[in-house]
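Me: Could you take a close look at one part of this model for me, the main nonpolar core and the helices around there? I'd like the cut-offs spelled out as you go.

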Amino acid sequence: RAAPLAVGEPGEPRRSLPASCKVRLAGAMTDALLPAGCRAAERPRDSYFRKGCNPLAETGRSKLQNQRAVLNQQILKAVRMRAGAENLLRATTNNKVREQVLLELSYVNSDLQILKEELEGLNISVEVYQNTEEAFSIPLIPLGLKETKDVDFSVPLKDFILEHYSEDGAGYEDEIADLMDLRQACRTPSRDESGVEMLMSYFLQLGFVENRFFSPSRHLGILFTWYDSFTGVPVCQKNLSLEKASVLFNIGALYTQIATRCNRQTQEGLQKAIDAFQRAAGVLNYLKETFTHTPSYDMSPAMLSVLIKMMLAQAQECIFEQICLPGIRNEFFTVAKLAQEVAKVGEIYMLVNTAMNQAPVKENIPYSWSKLAQVKADHFRALAHYFIATILSDHQLRQNDDEDQQEKAFSQLYDHMPEGLTPLTLLRDRSQRKQLGKAHLRRAIVYHEEALRVCGVCKKLRNIEILQEILSVAHKRSCLKYSQQEQEDDFLNLVQAPDILPKTDHKIEMIPPQFSKVKVKDFFERLGPLTVFSAKQRWTAPRTVKFYCESGGLGFTVKGGPPVHVYCLDPACPAALAGLKEGDCLVSVGGVDCKWLGVSEILEKFKNLRGQEIEIQVISCQDAAASVYNKSATYSVGMQKTYSLICLAMEEDKIDTTQKVTPKLSFLSWGTKNRQKAASTLCLPTVVTGSSLAKKKLASPFTLLSSEGSLY
């Protein structure tokens, strides 16, 4: 059905496109939504839950993601065919068969190369992610979201709940459904802060899920599949670390898409873009430092280092645009400062281009990205020389000018002055200024021509019209400036323009992810406090103890909590004779779940049942589990789909209480300081008569057991 196009994302007012906006239906340069498009909906039962964008919405970004998913499937099929052909080639000795297999391999490899080029075309489709307003700005590069397959948590989690927690898994169907719905929504997040918050909430939720269900001694059998953002090759592992790392990558990618969407014609829009690029770099750096051996090329340390540099370079570019936005006053000190600022942008892009052409990144980074970095490096260095030429040709030292300040400014522009020249000579000698100005213009024209040449060589960049137009306008401006100079014999002008020292007063730094600002509720909190009821702790099945309360008291005391534990048990009391043991954990009193109740609430329940038969349910820690070393799955260097083990030695049962032990965070620890202070330990303390639980050191639920670790 025909419907008017509109622009918007969840949480934003829908607005019609202005008549002056040049909209291309084939290019899909705007996020044009159908009436049933991407809308943030609240789940009636739980206001915490949010939905992602409608994957069928007719937006440019959705079309790209759908094309990416199709290409991923085609690449997967081609990779499997190549693996089969290579296996057959190794196994057969028949020459005729080998010839046929080699022919098939050449076809499959060429097909893979074509698919890779198509995927690169999606990665360079930067126009789709730019702001919809008409702008005369060089496009910025966003990252595409990683694609994944559906995951069914139902059967494995229900089985684990029944086996490990001795509860009916069917009672947790709603919680499992919420987890699966949240994961599905994270595949199509909205391109705004709510989308980032949703991805962060799922990342934090995975911390609860890992501690609840992913036991160090067994695998649940849940297979996670994520596709490489650059190569399209799938990575499959029964490891939650792959899921966490991929979600982190998508958080960084979403920040880049938010940054490229900002309106760079306003100060507010540029500031938002700078902030988003800094946050994207912070998330990617956090990913690099936390998951050091990932099997996916796009999340390898070398690739992440390049992506971080690219995000910071684009933030620095936005800083330069922010300075130029109000207009450039043709004043000596203003133009000199601007020349060093833009030289800094060119230097950073030159470093990015160098990093992109180093192995092993060069094989996987999109070729057009590398060329765009080279184009920007040449373009901004040309602008720096143009600004210096403007100072030299347009400004003369007058009587009321501060000669000392201008001399100091000149001396700070270069690392060395041209031979035979000094800053003071340049200020006073008009002919010398003209010659050096023309030398800077010549270097500017050379850089402009090189940028145009590189842009014309790359097919993908050649199709970006706004980029071609900006480069051409800058080149013509420098040529016009050069033609306006006095006509002299340039062969007699031997002055060479020196390099301009890059300098910026606006330092760009990475902003680490602020997970503490995202409030997350544990879906499976009904299982009990995570400090006790985790996959790393083994407990007996709940057993029922029935007894009558004597007039003198219960015959035992309760401490700690939640949940509370039995201490100082009188062996002759009715509860002990009924089967209660020292150190038991109370999970139910009178048929009411009390895993989250403290000492005062438990005693109140006992008081209300005085004179009646008291029925409680308790669980006991299995001592055999204390001797089992904890293992954590991580990635091995250079080995895909395999795991190395981090053996975390358990704390000895008998430790000298006077000895101070500094707990070390585990290898895959990624909790925040606030949570470390607020959360309890994951292991139940050893029961010692007369000791207090308050003396036990507490650890975060987002870390593994805090103990001495050794990698083998």
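Reply: Here is a walk through the core, then some helix pairs and a hairpin.

This is a predicted model, so to speak of local features takes pLDDT of at least 70, and side-chain atom pairs count only at pLDDT 80 or more, while totals for chains, interfaces and linings use all residues. Residues are numbered from 1 along each chain as its sequence is written, and side-chain values use heavy atoms, with hydrogens and water left out.

The largest nonpolar core (buried Ala, Val, Leu, Ile, Met, Phe, Trp, Tyr and Cys residues joined through side-chain atoms within 4.5 Å) has 136 residues, and Leu143, Phe213 and Leu307 touch the most other members. Helix α10, residues 367-394, gives the most to this core, with 14 residues. Helices here are DSSP runs of H or I with at least four residues, strands are runs of E with at least two, and both are numbered from the N terminus. Buried means under 20% relative accessible area, exposed over 50%, and partly exposed in between, using a 1.4 Å probe and protein chains only.

Zoom in on Leu143: leaving aside neighbours within four places in sequence, its contacts (heavy atoms within 4.5 Å) include Phe230, Phe249, Leu284, Leu307, Met310 and Trp369. Apart from the big core lies another one of 21 residues, Phe547 and Leu586 among them.

Now the helices. α8 (residues 301-324) and α9 (residues 332-356) pack at about 160 degrees, with axes 9 Å apart; axes are lines fitted to C-alpha atoms, for helices over the stretch in contact, and angles run from 0 to 180 degrees between N-to-C directions. Therefore α8 and α9 are roughly antiparallel to each other, a label for angles over 145 degrees, with under 35 roughly parallel, 65 to 115 roughly perpendicular and the rest oblique. Met310 of α8 is one of the residues making this contact, and on the α9 side they include Val345 and Tyr349. α10 and α13 (residues 430-457) pack at about 165 degrees, with axes 8 Å apart, which makes α10 roughly antiparallel to α13.

Finally, the hairpin: β5 (residues 224-227) and β6 (residues 234-237) pair in the antiparallel sense over 4 bridges, where pairing takes at least two DSSP bridges. Between β5 and β6 sit 6 residues, and Gly232 in the turn has a positive phi of about 80 degrees. Phe224 has Gln237 in β6 as its bridge partner. From β5, Phe224 and Trp226 point one way, Thr225 and Tyr227 the other, and all are buried.
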